[in-house]
Amino acid sequence: MAFMVFADRTERIYDHPTFEMGGASGDTWVRVPDDELIPLPEGSRLFTMPGAQPVGWHGTFQAIRTVGRRRVMAVAAFLPPGYMRAYLPGAFYPDPTVAPYLPLWAYTAAGWRDGQFVAAAIRVDVMDHQEPGQYDDRTLLPLIRKRLAEQPHNRLLHQLKRCATEYHCLCAKNGFYRRWEAPLPVAFSCNADCVGCISLQTEGLVRASHERVSVTPSLEEMCAVALPHLTEAQEAIVSFGQGCEGEPLLYGALIEATIRRLRAQTDRGTIHLNTNGSLPRVVERLCRAGLDSIRVSLNSAQPEAYAAYYRPKNYNFADVVESIRTAKGCGRYTSVNLLVFPGVSDREEEVEGLLSLIADTGLDFIQMKNLNIDPRRYLESLPPPRGRAIGMRELLQTIRREAPQVEIGYFNRPKAQFGCFPSAGLRF
Ligand code: SF4
């Protein structure tokens with residue numbers, strides 16, 4: 001069994017001598033089965049949860065206020081890319097009215113077993129492109145200087161420098177390394193107002209993780225960054241729609257012109273769009289211009305839960321479905337970025353909705369992305385849950401069983417891998 005971990009006021013982390021770690025599925029405390037725990041993967045972080053007491057199991061679930069003479073607080077793990085969390089941390093808020101909402105990270109149940117930290121997590125992708133060993137700022141910084149010396153006035157390149165060095169965006173770093181997936185952020189505006197948007201928090205309840213881009217690059221600036229990447233990079237992907245921006249479909253004319261110019265000069269590499277999928281007619285134009293793949297983000301395949309989280313303006317869930325259908329109809333490799341959350345995404349009605357979406361659209365790939373938000377805040381924003389939570393592992397198994405033609409993973413794919421199943425060897 002794994003023991004509960006907790007932190008004191010100095011944020012030093014301890015393991016509890018007798019209490020089993022607790023987890024949560026939605027707002028329900030649960031015991032985390034031993035086989036749902038893995039050693040904390042390299043690149044994880046541990047966070048304290050101010051205002052929350054840790055919950056453990058000792059014959060019953062109990063929230064702990066003190067250990068010895070120490071006041072204690074709950075601890076959570078944040079997983080690196082490629083891992084999906086299976087359970088939330090077990091936490092109790094003695095006074096929710098004074099406990100601050102936590103910053104925009106994905107909080108995962110963590111414990112201590114056999115002399116090491118463990119987390120309730122499942123590896124969902126075999127690609128190792130975002131593992132810590134692939135990045136070393138000692139080699140990155142000279143490259144950034146070199147690329148900026150080549151294009152000192154390119155505002156997109158200056159934005160990517162900021163993304164790589166301040167936000168440690170791995171895609172931005174890849175752009176400078178000229179390998180794999182590189183970002184092309186363009187959008188300041190958005191037609192949604194997601195509760196957990198990491199680039200703009202309209203209510204000011206927590207800080208956004210990034211400052212949203214404020215400059216839209218020109219066609220020339222975009223092509224000057226994208227073309228060498230497409231023609232030279234290994235497994236090259238250039239992608240519109242990043243965490244630091246708004247919605248790229250609102251900039252459809254610029255993106256369409258960029259794609260056309262790039263494709264007039266090279267067939268190499270993958271041109272990809274990450275989007276909220278709000279404008280199907282724009283999606284169609286981009287596909288016809290030469291877009292290779294699209295990834296549409298969703299927190300839910302149920303219109304009410306989607307609307308409660310995305311708070312869309314002038315579009316609705318049906319438009320999102322239509323965008324997925326349109327991209328697939330144009331023969332593009334089509335993914336859903338499913339913003340997963342234990343106790344919500346694995347509810348029976350959610351799973352049924354997701355399977356219907358797969359059947360309705362013919363989408364190719366589901367990326368399991370842990371939703372970065374305080375669990376309390378997310379649950380407060382949604383309509384009351386319906387149906388039983390079957391568990392996150394069972395969610396994966398159900399998709400594999402009911403829709404074996406759909407790839408499950410985490411990362412965007414280069415076009416040489418479209419229709420392949422690199423993560424099929426992972427046992428869920
Ligand atoms: S769609 Fe993207 S940019 Fe727009 S509010 Fe949601 S998370 Fe933010």
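1. Glu203 is partly exposed, with a relative accessible area of 41%. In this predicted model, Glu203 belongs to the loop that runs between β16 and α4. When neighbours within four places in sequence are set aside, the contacts of Glu203 are with Arg311 and Arg377. The side chains of Glu203 and Arg311 make a polar contact at 3.3 Å. Glu203 and Leu357, by comparison, are 154 residues apart in sequence, and their C-alpha atoms are 31 Å apart in space.

2. Arg311, the partner of Glu203 in that polar contact, is found in the loop between α7 and α8. Its relative accessibility is 26%, so Arg311 counts as partly exposed. The backbone of Arg311 also deserves attention: phi is near 45 degrees, a positive value in a residue other than glycine.

3. A second residue invites the same inspection of its backbone. Glu235 is not a glycine, yet its phi is positive, at about 45 degrees. Glu235 is part of strand β17. With a relative accessibility of 34%, Glu235 counts as partly exposed.

4. Helix α8 follows the loop that holds Arg311 and covers residues 317-329. Its 13 residues reach 18 Å from the first C-alpha to the last, close to the 18 Å expected at 1.5 Å a residue. At the N-terminal end of α8, Asn316 acts as a cap, with a side-chain oxygen 3.0 Å from the backbone nitrogen of Ala318. Just after α8, Gly331 has a positive phi of about 80 degrees.

5. Which residues of α8 are buried? They are Phe317, Val320, Val321, Ser323, Ile324, Thr326 and Ala327. The elements that cover these buried residues include the helices α6 (280-289), α7 (303-310) and α9 (348-361), together with the strands β19 (293-298) and β20 (333-340).

6. Helix α4 may be read in a similar way. Its 14 residues should span 20 Å at 1.5 Å a residue, and the end C-alpha atoms are 20 Å apart, which agrees. Ten of the 14 residues are buried, so α4 is largely enclosed by the rest of the structure. The buried residues are Leu219, Glu221, Met222, Cys223, Val225, Ala226, Leu227, Pro228, His229 and Leu230. Their cover includes the helices α2 (155-165), α3 (170-177) and α5 (252-265), and the strands β16 (179-183), β17 (234-240) and β18 (270-275). Glu235, discussed in point 3, lies in β17, and β17 is among the elements covering α4.

7. The interior should be considered next. The largest nonpolar core contains 109 residues, and those with the most contacts inside it are Tyr309, Ile366 and Met368. Helix α4 (residues 219-232) supplies the largest share of this core, namely seven residues. Apart from this core lies another, of twelve residues, including Phe47, Ala74, Phe78 and Tyr107.

8. What surrounds Ile366, one of the residues with the most contacts inside the largest core? Beyond its neighbours within four places in sequence, Ile366 is in contact with Val336, Leu338, Leu354, Ile358, Ile399, Val406, Glu407, Ile408 and Gly409.

9. Glu407 is one of these contacts of Ile366 and lies in strand β22 (residues 407-409). Is Glu407 buried or exposed? Its relative accessible area is 2%, and because buried means under 20%, Glu407 is buried. Neighbours within four places in sequence aside, Glu407 is in contact with Tyr333, Asp364, Phe365, Ile366, Arg413, Cys420, Phe421, Pro422 and Ser423.

10. Tyr93 occupies the loop between β13 (91-92) and β14 (110-113). Although placed in a loop, Tyr93 is buried, with a relative accessible area of 13%. Residues up to four places away in sequence are not counted in its list of contacts, which consists of Met49, Gly51, Ala52, Ala99, Leu102, Asp374 and Arg376. The C-alpha atoms of Tyr93 and Met73, 20 residues apart along the chain, are separated by 9.9 Å.

11. Finally, the surroundings of the ligand may be described. The residues around it are Cys190, Ala192, Asp193, Cys194, Cys197, Arg212, Glu245, Gly246 and Asn276. This shell divides into four nonpolar, two polar and three charged residues.

Note on methods:
Residues numbered from 1 in each chain as written. Predicted model: local features only at pLDDT ≥ 70, side-chain atom pairs only at ≥ 80, totals over all residues. Heavy atoms only, no water. Core = buried A, V, L, I, M, F, W, Y, C linked by side-chain atoms within 4.5 Å. Buried < 20%, exposed > 50% of the residue type's maximum accessible area, 1.4 Å probe, protein only. Helix = DSSP H or I, 4+ residues; strand = E, 2+ residues; numbered from the N terminus. Contact = heavy atoms within 4.5 Å. Near = heavy atom within 4 Å. Nonpolar A, V, L, I, M, F, W, Y, C, P; charged D, E, K, R; others polar. Expected span 1.5 Å × (residues − 1). Polar contact = N/O pair within 3.5 Å; in protein donor to acceptor, adjacent residues only side chain to side chain.
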